[in-house]
Amino acid sequence: MSWWIDGSKLTKSDGKKEWWTTVYGPGDDVPVSGIYRCLGCNREITSNAPDRFPPQNHHQHSAAQGKIRWKLNVRTNTTGE
Ligand SMILES: [Zn+2]
């Protein structure tokens with residue numbers, strides 16, 4: 001889970017864009033820049049569009065944690081708009 005403090009500037013999204021609901025795998029194209037959380041282990045990464053998500057060997061999971069699956073947690077405002 002990401003941290004924030006009083007005074008952090010965050011805007012709540014309605015979450016309807018597909019980048020909020022889609023789960024991405026290693027090497028997939030990053031749709032929007034932001035902080036992504038691994039659904040298997042809760043590790044977070046920052047990834048920028050139009051890069052790709054890290055490869056499968058980015059980190060190790062137990063069998064119970066399954067495959068690496070990235071979901072957008074915080075979208076970053078890279079344009080300042
Ligand atoms: Zn993980």
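This report describes the fold, the zinc site, the core and the backbone details of one chain.

**Overall fold**

The model is predicted. The chain contains one helix and three strands. Their order along the sequence is α-β-β-β. The C-alpha trace spans about 40 × 25 × 20 Å along its principal axes. Of the 81 residues in the chain, 23% are buried. Take the contacts between residues at least 6 apart in sequence: 53% of them join residues at least 24 apart.

**Strand pairing**

Strand β1 covers residues 34-38 and β2 covers 44-47. The two pair in the antiparallel sense, over four bridges. Strand β3, residues 70-75, is also antiparallel to β1, and five bridges join these two. Strand β1 thus has pairings with β2 and with β3.

Individual bridges show the register. Tyr 36 stands opposite Ile 45 in β2. Ile 35 has Thr 46 as its bridge partner in β2. In β3, Ile 35 stands opposite Val 74.

Side chains alternate along β2. Ile 45 and Ser 47 point to one face and are buried. Glu 44 and Thr 46 point to the other face and are not buried.

**Zinc site**

Which residues coordinate the zinc ion? The donors are Cys 38 (SG), Cys 41 (SG), His 59 (NE2) and His 61 (NE2), at 1.9 to 2.3 Å. The site is tetrahedral, with angles of 103 to 118° among the four donor atoms. In sequence the donor residues follow the spacing C-x2-C-x17-H-x1-H. The site links distant parts of the chain through the pair Cys 41 and His 59, 18 residues apart. Cys 41 lies in the loop between β1 and β2, while His 59 lies in the loop between β2 and β3.

The structure holds zero disulfides. A disulfide is a covalent bond between the sulfur atoms of two cysteines. In this model the SG atoms of Cys 38 and Cys 41 are zinc donors.

Accessibility varies among the zinc donors and two further residues discussed below.

| Residue | Relative accessible area | Class |
|---|---|---|
| Cys 38 | 0% | buried |
| Cys 41 | 24% | partly exposed |
| His 59 | 6% | buried |
| Ser 47 | 8% | buried |
| Asn 42 | 46% | partly exposed |

The cut-off for buried is under 20% relative accessible area. Cys 41, at 24%, is therefore partly exposed. His 59, at 6%, is buried because its value falls under that cut-off.

**Nonpolar core**

What makes up the largest nonpolar core? It has 12 residues in all: Trp 19, Trp 20, Tyr 24, Val 30, Val 32, Tyr 36, Cys 38, Ile 45, Phe 53, Ile 68, Trp 70 and Leu 72. The elements that give two or more residues to this core are α1 (18-21), β1 and β3. In soluble globular proteins, nonpolar side chains tend to be buried together.

Cys 38 belongs to this core and also coordinates the zinc ion. Tyr 36 and Ile 45 are both core members, and they stand opposite each other across β1 and β2.

Trp 19 is another core residue. Leaving aside neighbours within four places in sequence, Trp 19 is in contact with Tyr 24, Pro 31, Val 32, Leu 72 and Arg 75. Of these, Tyr 24, Val 32 and Leu 72 are listed in the core.

**Ser 47**

Is Ser 47 buried or exposed? Ser 47 is buried, with a relative accessible area of 8%. Its place is in strand β2. Not counting residues up to four places away in sequence, Ser 47 touches Val 30, Val 32, Ser 33, Gly 34, Tyr 36, Phe 53 and Pro 54. Val 30, Val 32, Tyr 36 and Phe 53 are among the core residues.

**Backbone details**

Most residues other than glycine have a negative phi, and most peptide bonds are trans. Two places in the chain deserve a look here.

The first topic is Asn 42. Its phi is near 70°, a positive value in a residue other than glycine. Asn 42 is found in the loop between β1 and β2. The hairpin of these strands has five residues between them. Asn 42 is partly exposed, at 46%.

The other topic is Pro 50. The peptide bond from Ala 49 to Pro 50 is cis, with omega near 5°. Pro 50 has its place in the loop between β2 and β3. His 59, a zinc donor, is in that loop as well.

Conventions:
Residues numbered from 1 in each chain as written. Predicted model: local features only at pLDDT ≥ 70, side-chain atom pairs only at ≥ 80, totals over all residues. Heavy atoms only, no water. Disulfide = S-S within 2.5 Å. Buried < 20%, exposed > 50% of the residue type's maximum accessible area, 1.4 Å probe, protein only. Donors = N, O, S within 2.8 Å, 3.2 Å for Na, K, Ca; no water. Tetrahedral: all angles 85-135°; square planar, octahedral: opposite > 155°, others 65-115°. Core = buried A, V, L, I, M, F, W, Y, C linked by side-chain atoms within 4.5 Å. Contact = heavy atoms within 4.5 Å. Pairing = 2+ DSSP bridges.
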